[in-house]
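Reader: Could you show me the model and then talk me through the confidence and the salt bridges?

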Amino acid sequence: MNSHPSKKTAAINFNMTCNSTSCLLCTIIETHTSVRRKLIAQCFKDLPLLRDDKNLVITLRCLWNIALAQPDDPEFPYLGIFNCMTRLLNRCIRDQKWLSSGKNVYVPYYAAHIIGSYTMNKSRFSVLAVKSAVISPLIELLRGKITWVEQRVAVRALGHIARHRRTFEDIKVYETEIIKLAMDIVSKCIQTIYTEFVIKKSENRVEYHRHLMIKGLGGFEMENRKAESWACQMQCWSLYLLNCFVRKKRSINLICKEEFLKKLCAIWGGLQNQNSFSGIGLIKSLRHSEIGRRNIAQSEEIVASICNISRSSDEWQLWAIESLLLLLKDQNTRSVVRNIAAPFLADLVELRTVKGRRKMGDVITQVILQDYAKIKYGQLSFTRKGSQKAIEEIWELKVEKRKRDKLMSEEEVRERELLVAILKREGNRKFWSADIEEAVNKYTKALDLCPLKLRKERIVLYSNRAQCHLILGEAELAISDTTRALCLSGEMRPHIKSLWRRSQAYDMKGLARLSLMDCLMFINERSKFNNGNRSSKRKIPYCAMCMLNKQITATWIFAGVAKSMEDDINDDGTHKSRDAQHVFAGAKMKGKTEAILKSMRTHGNDKEERLLKKGRLWRRLNSTSRRSKGVIEPLLKRFKGRKSVDVQEKKVK
């Protein structure tokens with residue numbers, strides 16, 4: 001067996017020159033396989049006894065790099081790396097004096113991280129780790145024995161060990177304590193990291209925390225970004241650990257606390273960690289158990305949050321829809337959930353494909369209409385306004401209207417198409433004359449007459465009516481119409497105007513995350529039309545950039561903590577107001593906005609980009625026609641006193 005090039009490179013990168021036969025960094029580059037393995041095994045035995053803290057930390061960092069690069073390589077796990085890491089962790093926990101000397105404070109972080117990396121994929125490595133007694137010191141770190149940084153890597157390692165069937169039974173011994181600690185981390189880690197790191201000045205932050213985050217590269221702003229990423233990871237890894245117990249049908253009663261469940265839908269990992277395990281992922285696992293479904297259905301706030309995600313461009317939209325469908329199939333939770341979810345699901349009955357799942361609209365229709373006969377004859381009642389009407393609309397659209405369209409002759413279809421076009425033009429005329437209520441009526445009549453197969457016409461009518469609702473300040477109706485338009489257009493080529501209008505409507509309701517997702521999708525889809533042509537007129541509107549910056553700031557993971565803290569005391573004894581915290585949050589988000597926009601194919605000129613970086617306001621007058629400018633001001637004057645919205649790009653098709 002030849003030597004490992006990556007391991008050799010990892011050792012050489014440290015530029016170490018050592019004559020000791022027990023040095024791990026030297027033994028890695030040994031070409032003779034049996035000799036190298038024997039020396040490495042001996043090094044793992046001697047490593048916890050080292051008192052030269054500098055060499056110890058350098059060696060651990062080398063092992064950490066190797067573990068991240070080759071987590072499936074069996075050489076180190078079978079040569080005793082887990083025993084070595086266990087002994088190091090126990091020494092750190094028991095000997096505080098040794099831990100605080102020199103560079104030894106880095107040891108527990110690297111040791112726990114190495115354990116987590118090697119147990120990530122292979123169950124046999126996880127078995128070796130458990131046999132090496134890694135669980136006990138990891139739980140000590142999970143209790144916060146040292147700091148939150150070590151707590152973060154401990155929850156990661158325990159999650160990887162718990163995910164394997166062969167080692168879950170060993171974790172189960174500490175089940176109650178691990179569950180409580182993980183739930184506590186999910187609830188409090190954001191506040192802990194904010195108060196213990198983010199809000200502090202550079203010179204007051206723990207030095208080794210700063211070094212672990214940026215490895216000496218970058219400054220204060222980079223530390224803040226890394227702290228945000230680590231906070232998201234810590235939350236998501238804790239949720240993943242809880243999910244391991246839920247999937248094994250363990251401790252569901254402990255997890256299903258109403259206050260905890262309410263927090264789950266808001267946990268999503270942020271833009272940098274969208275693929276991380278989210279709160280909706282844990283809800284998805286809970287819905288498979290009777291206890292979980294009952295506890296989810298008992299909270300109207302939780303069900304409404306799931307419904308909102310189901311009508312969005314969120315990465316977890318499919319999971320939200322599947323969760324609602326499973327709750328509706330359960331006889332014990334059906335009536336409660338249907339009462340809340342019916343108006344939301346009514347907008348999704350024409351949904352086509354979601355994340356590869358085809359004909360989701362038909363599946364939703366079958367589930368929501370399973371008790372329609374009882375509803376029709378008054379045997380089932382609804383306490384929520386609009387729920388029964390929504391189900392009747394679903395029946396009319398998916399059953400009655402479909403039957404009538406099949407019986408319609410080609411000549412009648414052409415007549416209907418002509419009449420719909422006339423009504424749409426009349427609606428447009430009413431819109432531009434500022435008679436918005438009458439425009440809504442015209443679009444509604446056109447939709448009632450429009451055959452189902454005229455998909456493009458219906459998309460435009462729904463989107464135009466949504467624009468009217470926006471002007472009238474009716475955000476919920478605007479979300480409903482734009483969602484229906486997007487369901488008809490499909491996820492491969494979503495209707496761009498509907499994305500932007502739904503982003504505005506979510507912004508009106510204060511749902512920043514959902515508004516952000518639609519805004520990002522709008523920018524991404526609009527940029528595709530440029531086709532790399534820098535002279536194209538279809539540039540990203542300034543209003544979309546403003547919305548993006550606003551929602552990124554609103555969804556900043558520390559925004560809630562900063563807002564809840566009434567006063568903070570600086571080192572000089574003065575008070576930092578809440579406004580100052582918000583300014584800090586906004587300044588922090590500025591860099592992220594620029595990074596997101598750079599990752600997309602924006603084709604603005606250099607002057608526009610410079611103005612954006614400086615944070616100055618500027619107008620893209622060439623994106624609005626003279627006719628639009630002449631209509632916007634009278635509309636806003638007429639509806640003065642109602643909830644105002646940004647009506648950029650108001651021109652209807």
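Author: What follows covers confidence first and charged pairs afterwards.

Author: This is a predicted model in which local features need pLDDT of at least 70 and side-chain atom pairs count only at pLDDT 80 or more, whereas totals for chains, interfaces and linings use all residues. Residues are numbered from 1 along each chain as its sequence is written, and side-chain values use heavy atoms, with hydrogens and water left out.

Reader: What does the protein average in pLDDT?

Author: The average is 82, and 80% of the residues score at least 70, pLDDT being the predictor's confidence in each residue, from 0 to 100.

Reader: Where does pLDDT stay under 50?

Author: That applies to residues 601-653. Where pLDDT is low, the predicted coordinates should not be read in detail.

Reader: On to charges: how many salt bridges does the structure hold?

Author: There are 35, a salt bridge being a side-chain nitrogen of Lys or Arg within 4 Å of a carboxyl oxygen of Asp or Glu. One of them joins glutamate 75 to arginine 37, with the closest N and O atoms 3.9 Å apart.

Reader: Is glutamate 75 buried or exposed?

Author: Glutamate 75 is buried, at 6% relative accessible area, while arginine 37 is partly exposed at 34%; buried means under 20%, exposed over 50% and partly exposed in between (1.4 Å probe, protein chains only).

Reader: And which residue does lysine 550 meet in a salt bridge?

Author: Its partner is aspartate 507, at 3.0 Å from N to O. Lysine 550 is partly exposed at 45% relative accessibility, and aspartate 507 is partly exposed at 22%.

Key:
Contact means heavy atoms within 4.5 Å.
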